[in-house]
Amino acid sequence: MSLIEQVASNEILELAFAWLCKRRGQASHNNDVWILRSRWDETKPQLQRELRVGCYKLSPTRRWHIEGEVLEVWSAQDALVLKAVSIVLERELHGVLSPRCFHLAGRGGAKRAVSEVFQALPKNRFVFRTDVKSYYATIDHSCLIELLQKLVPDADVIALVAQYIHRTVSDGGIYHDVKKGICLGCSLSPLMGAVYLKPIDDAMKKSGLFYARFMDDWVILAPTRWKLRAAIRIVNQCMTSLKVEKHPQKTFIGLIQRGFDFLGYVLHTNGIRAANKTVKKAIARVRQLYEQGVGITRIDDYVRRWQRWFRSGLTKSIKKTVTFSFPSAIESDDNQLRQLLASTTG
């Protein structure tokens, strides 16, 4: 069965439909998902025909500006089709994409990446940790299509993905074609994010150095300074060819013993602690609960659940090294809240 036949199959479309119903289960009463749900038995055969003959057309996305954030939303049917494409491509590319790319399904996620990096620290002295500046927004369309054509042997599926890449956006009734970048929040985007940096994955595999990546955030460990420099040179060459840049404020090159941030944790040879940004987000939520006048029981419950989440997914030996402190992250003028948290976390 060809890939486009798989996308149009009952199995894949029903999986995508179930995902959509769950994802938009709390949508407003006038959202188009309810029309699709009520007419699914009639819509699916027509959708299958359009997919199989290669004439399905994605509609423009709608851009929403909500509380300072910009959201881009596909129609319900387009979201379903893109989910079906992502399911099929994840299966097709599972053995092709690097196992060191931990954000993909079945790879263990962020906690697995953090655990493996920490376990590799004793065998190395130097670290290169960075991520891509404005990753989704800077992905070059021609580079992504070229990479996909080498990996996906189905022109119809490539054509669908090309529509997703070269999308049209409606922003307040004004339509424009997107020339660079992929959209946030789409089910296909994490997979495209993995595909785009595959040249770096492949280069690091050849280098023999320890490497772990979660989306556009990666760590390279090296036993010697010259091996680290060689790795940095290779990464820079790959990034230049992909037309992306390192984030200057999130790049760290140096000795492991100095400690470095990775996915919300600070990793050090002596253990792991919460990164300042991670703690500040938790503190902001605690402060919000406090200002809303909730009781100590609810704040205590939130703090304890946060502690469990922070340690969850890490190996047992690593959990013993984890440390964090809420009170130290609170400004000195919040004495009452500081005392409250001290009693809660103590």
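**Entry 1: cysteines**

I looked for disulfides and found zero in the structure. I note here that the model is a predicted one. I then asked why Cys21 has no partner. The closest cysteine sulfur belongs to Cys186 and is 17 Å from that of Cys21, which is too far for a bond. Cys21 counts as buried because its relative accessible area, 14%, is under the 20% cut-off. Next I took Cys101, which is also in no disulfide. Its nearest cysteine sulfur sits in Cys238, 14 Å away. Cys101 has 1% relative accessibility, so I put it down as buried.

**Entry 2: nonpolar cores**

I turned to the largest nonpolar core, which has 79 residues. Leu89, Val161, Tyr164, Leu188, Met192, Tyr196 and Trp218 have the most contacts inside it. Which helix gives the most to this core? I found that α5 does, with eleven residues. I picked Val161 for a closer look. Setting aside residues up to four places away in sequence, Val161 touches Val85, Leu89, Leu148, Leu188 and Met192. I also found a second core, separate, of 34 residues. Val117, Ile283, Tyr302 and Val303 are among its members.

**Entry 3: helix α5**

I went along α5, which covers residues 76-93. Leu93 lies in this helix. Is Leu93 buried or exposed? Its relative accessible area is 0%, so Leu93 is buried. Beyond its neighbours within four places in sequence, Leu93 is in contact with Leu151 and Val195. I also checked the distance from Leu93 to Asp140, 47 residues apart along the chain. Their C-alpha atoms are separated by 21 Å.

Lys83 is in α5 too. I noted that Lys83 is buried but has no salt bridge. The nearest side chain of opposite charge is that of Glu90, 5.3 Å away. A salt bridge would need the charged atoms within 4 Å. Leaving out residues up to four places away, I list Ala16, Trp19 and Ser187 as what Lys83 touches.

**Entry 4: helix α8**

I listed the buried residues of α8: His141, Cys143, Leu144, Ile145, Leu147, Leu148 and Leu151. What covers them? I found α5, α9 (155-165), α10, α11 and α12 among the elements that do.

**Entry 5: helix α12**

I checked the length of α12, residues 225-242. Its 18 residues should span 26 Å at 1.5 Å a residue, and the end C-alpha atoms are 26 Å apart, so the two agree. I then noted which residues of α12 are buried: Leu228, Ala230, Ala231, Ile232, Val235, Cys238, Met239 and Leu242. The spacing brought a general point to mind. An α-helix has 3.6 residues a turn, so residues three or four places apart point the same way. The buried residues of α12 pack against the helices α8 (141-151), α10 (189-196) and α11 (198-207). They also pack against the strands β3 (126-131), β7 and β8 (252-255). Just after the helix, Lys243 takes a positive phi of about 65°.

**Entry 6: Asp216**

I ended on a loop. Asp216 lies between β6 (210-214) and β7 (217-222). Asp216 is buried, yet I found no salt bridge for it. How far away is the nearest side chain of opposite charge? That side chain is Lys250, at 7.1 Å. Neighbours within four places in sequence aside, Asp216 is in contact with Thr130, Asp131, Val132, Tyr135 and Leu197.

Notes
Residues numbered from 1 in each chain as written. Predicted model: local features only at pLDDT ≥ 70, side-chain atom pairs only at ≥ 80, totals over all residues. Heavy atoms only, no water. Helix = DSSP H or I, 4+ residues; strand = E, 2+ residues; numbered from the N terminus. Buried < 20%, exposed > 50% of the residue type's maximum accessible area, 1.4 Å probe, protein only. Lys, Arg positive; Asp, Glu negative; His and termini not counted. Contact = heavy atoms within 4.5 Å. Expected span 1.5 Å × (residues − 1). Disulfide = S-S within 2.5 Å. Core = buried A, V, L, I, M, F, W, Y, C linked by side-chain atoms within 4.5 Å.
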